[in-house]
Amino acid sequence: MRSTISNPNDLPEKPGVYLLKDVQDEILYVGKAKSLKKRVKSYFKEDLEDPKTRVLMRHFHHLDYLVTDTEKEALILESNLIKKHLPRYNIRLKDDKRYPYLQITSDDYPRLLITRNVRDDGSHYYGPFTDVTSVRNLLKLLKPVFQLRDCKRMDGPCLNYQIDLCPAPCSGQVTREEYHENVEKVKLFLEGRQKEVMDLLQKEMEQAAQNHDYEKAVVIRDQLFSLGEVMEKQKMEFNRNLDQDVIATSNDGEVVVVVVFRVRNGKIMGKDDFLMEGAQENSPPEILTAFIKQYYSGPRQVPAEILLPVMIEDRQLIEKWLSDKIYSDKNYGDYSDEDYGDGDEKDVIIGEYDNGNPPVVEIRVPEEGLEYRLVQMVTKNSSIILNHHKQARGALLDLKTYLKIPRIPRRIEAFDISNLAGKNAVASMVVFEDGKPSKKNYRKYKLETPGPDDYAMMQEVLRRRYEKLVDKGETPPDLVVVDGGRGQLNVATDVLNSLGIKTGVIGLAKEFEQVFIPEVAIPLILPSTSPALHILQRVRDEAHRFAVKYHKNLRNRDLQSSPLDEIPGIGPKRKMNLMRHFGDLETIKNATVDEIFEVKSINRNLAIKIHGFFLPIKD
């Protein structure tokens with residue numbers, strides 16, 4: 001059930017989740033309790049020791065609560081509500097990097113894909129991976145070895161079948177059972193159980209040879225060779241089999257970092273780092289408890305062991321919950337609307353627990369040996385990453401001081417224009433968050449402004465970007481950077497002022513690294529060794545790189561198919577020289593013989609031939 005009250009004495013002595021709210025009905029804090037009444041009454045003491053709780057209760061007005069059958073149900077419901085509402089006074093996992101995963105779909109004949117969206121859809125997900133290139137390389141290796149289909153629609157044998165990359169389940173060339181045998185091998189491999197896959201393939205090869213099916217034996221032999229090469233690329237291996245996640249945290253009072261090493265079958269399969277919000281005043285056990293509940297609440301692979309530097313709260317409860325996740329591929333169910341009432345929490349998914357199975361997940365704090373050294377290594381990694389964040393934060397703070405902008409520039413949006421004599425004009429917008437590129441937020445624009453007119457082009461892209469931002473009611477960035485000097489800055493200032501956007505804006509000229517600031521006549525020159533300048537240079541250079549890349553792509557697309565290809569004597573190099581010289585095909589059509597003759601590698605006879613080729617078109 002769900003209900004709203006203001007007096008903790010009205011709460012039941014049952015397990016559940018409570019939501020502390022302010023007078024505007026905004027959720028301040030979400031917590032779980034074995035007894036709602038006893039737990040919530042502790043917030044109403046006169047001598048609260050925790051400063052954070054004292055501030056919380058100054059904003060408190062009323063609370064909602066949801067009763068559950070068990071404390072484990074309350075645990076997962078609490079985690080899901082925190083992830084959904086991001087309450088101000090909870091410790092929150094800032095997990096918005098959208099790392100790539102490998103997905104084995106839930107189709108009758110599953111596919112192996114790269115995805116950045118993990119859903120509870122029955123698929124199996126492996127990851128996350130921090131390097132998308134390594135994921136693509138792994139996918140290229142696994143697909144030909146295990147021959148999983150690549151097509152979205154199974155509408156007949158395709159080229160992959162003809163070149164032995166797919167067994168063509170779409171036309172009945174392979175049975176469902178045979179196909180799923182390969183799927184299971186892929187799952188074992190991605191779970192770090194490569195040796196089991198190798199042993200299985202070895203037995204299949206020997207059996208095929210005994211049956212005189214030498215063609216099949218050769219195929220399996222090649223699979224074994226390919227997998228052997230993949231396994232040789234593992235960078236780090238221990239002398240015993242481990243199936244663990246190793247987690248550690250660092251906290252400097254302003255930034256909290258959590259690092260996870262995923263170890264499967266004795267090999268480190270990957271490393272992830274996360275920022276935790278609202279955790280600066282919390283102890284390491286509290287931070288790790290909140291992290292584990294949120295990190296594993298999605299469809300992540302749960303290991304048999306979790307190693308920590310300090311023991312967490314609710315250890316046994318969390319071990320039982322994680323064990324239940326291992327027992328079942330789909331372990332989530334829904335409360336009915338009646339259980340929730342009319343509130344908006346009814347779409348939050350909670351778990352089905354108490355299935356009678358003994359825990360299979362163990363959370364430990366090793367005190368010696370290899371596991372202890374592994375925890376220390378992860379702790380060291382978290383300290384290094386924390387220092388990186390501190391350095392970036394210091395540089396951003398210096399940038400705020402230098403530029404005299406109202407906020408620390410945690411989000412920077414930078415713009416650049418790229419064109420060739422006004423042709424194929426494009427613009428780029430790159431985004432940096434906390435000093436790092438946020439490539440999912442990059443945008444590219446094909447400009448309509450006739451050129452060359454850099455000021456008008458910059459005005460167009462800024463207006464398109466920020467009119468959309470205003471229409472959507474989004475928060476503007478802390479700093480807008482335009483490539484150029486005073487003229488480009490004036491354009492940016494006019495656009496932002498016309499839209500009522502108040503934020504920091506500068507122009508950055510490349511020649512002397514001059515920083516132009518509104519209403520300041522003399523450009524600012526930052527020290528060449530300043531980390532603040534280095535951030536601005538990275539932002540500016542990335543915007544330039546992204547714009548030039550888009551411009552080249554458009555230009556190359558125009559070059560791929562052109563009437564110039566029909567002129568004898570015009571090859572790829574001369575065609576490129578013509579396009580670079582004139583900018584586009586229309587200008588070439590209208591050029592004189594003498595103008596064409598000026599192009600590199602074009603002699604007069606060829607210039608006459610090109611001019612004559614386009615004469616009928618001009619007439």
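Buried means under 20% relative accessible area, exposed means over 50%, and partly exposed lies in between. The structure treated in these exercises is a predicted model.

**Exercise 1. Classify V360 and H212 by accessibility, and place each in the chain.**

Step 1. V360 has a relative accessibility of 38%, and therefore counts as partly exposed. V360 is found in the loop between β14 (350-351) and β15 (362-364).

Step 2. Together with I326 and Y327, V360 forms a nonpolar patch on the surface, with about 230 Å² of accessible area in total.

Step 3. H212 reaches 59% relative accessibility, so H212 counts as exposed. The loop that holds H212 runs between α7 (194-210) and α8 (214-232).

**Exercise 2. Describe the chain as a whole.**

Step 1. The chain has 619 residues, of which 48% are buried. Its secondary structure comprises 19 helices and 22 strands.

Step 2. Among contacts with a separation of 6 or more, 64% join residues 24 or more positions apart.

Step 3. The chain exposes about 31,700 Å², and carbon and sulfur atoms supply 48% of this area.

**Exercise 3. Identify the elements that build the largest nonpolar core.**

Step 1. The general expectation is that nonpolar side chains in soluble globular proteins tend to be buried together.

Step 2. The largest nonpolar core here contains 28 residues, and those with the most contacts inside it are I247, M276, F291, I292, Y296 and L322.

Step 3. At least two residues of this core come from each of α3 (71-85), β10 (256-264), β11 (267-277), α9 (284-295) and α10 (315-327). The greatest contribution is that of α9, with 6 residues.

Step 4. M276 may serve as an example: beyond its neighbours within four places in sequence, M276 is in contact with I91, R92, L93, V256, V258, I287, A290 and F291.

Step 5. A second, separate core has 26 residues, including L102, L112, V135 and V183.

**Exercise 4. Examine helix α9 and determine whether K293 is buried or exposed.**

Step 1. Helix α9 has 12 residues and reaches 16 Å from its first C-alpha to its last, close to the 16 Å expected at 1.5 Å a residue.

Step 2. The helix is mostly covered, as 9 of its 12 residues are buried. The buried residues are I287, L288, T289, A290, F291, I292, K293, Q294 and Y295.

Step 3. K293 lies in α9. Its relative accessibility is 9%, which is under the 20% limit, so K293 counts as buried.

Step 4. Setting aside residues up to four places away in sequence, K293 touches L75, E78, S79, I318 and W321. One of these, E78, is 215 residues from K293 along the chain, yet their C-alpha atoms are separated by 8.9 Å.

**Exercise 5. Characterise helix α13 and the residue that follows it.**

Step 1. Helix α13 (residues 454-472) has 19 residues and reaches 27 Å from its first C-alpha to its last, close to the 27 Å expected at 1.5 Å a residue.

Step 2. The buried residues of α13 are A456, M457, M458, E460, V461, L462, R465, Y466 and L469.

Step 3. G473 follows α13 and has a positive phi, near 70°.

**Exercise 6. Find residues other than glycine that have a positive phi.**

Step 1. Most residues other than glycine have a negative phi.

Step 2. H212 departs from this pattern, with a positive phi near 60°.

Step 3. D434 also has a positive phi, of about 55°, although D434 is not a glycine. D434 is placed in the loop between β17 (423-433) and β18 (436-437).

Note on methods. Residues numbered from 1 in each chain as written. Predicted model: local features only at pLDDT ≥ 70, side-chain atom pairs only at ≥ 80, totals over all residues. Heavy atoms only, no water. Core = buried A, V, L, I, M, F, W, Y, C linked by side-chain atoms within 4.5 Å. Buried < 20%, exposed > 50% of the residue type's maximum accessible area, 1.4 Å probe, protein only. Helix = DSSP H or I, 4+ residues; strand = E, 2+ residues; numbered from the N terminus. Contact = heavy atoms within 4.5 Å. Patch = residues over 30% accessible without salt bridge, like charges linked within 9 Å, V, L, I, M, F, W, Y side chains within 5 Å. Areas by Shrake-Rupley, 256 points an atom, 1.4 Å probe, with all protein chains shown as cover. Salt bridge = Lys/Arg side-chain N within 4 Å of Asp/Glu carboxyl O. Expected span 1.5 Å × (residues − 1).
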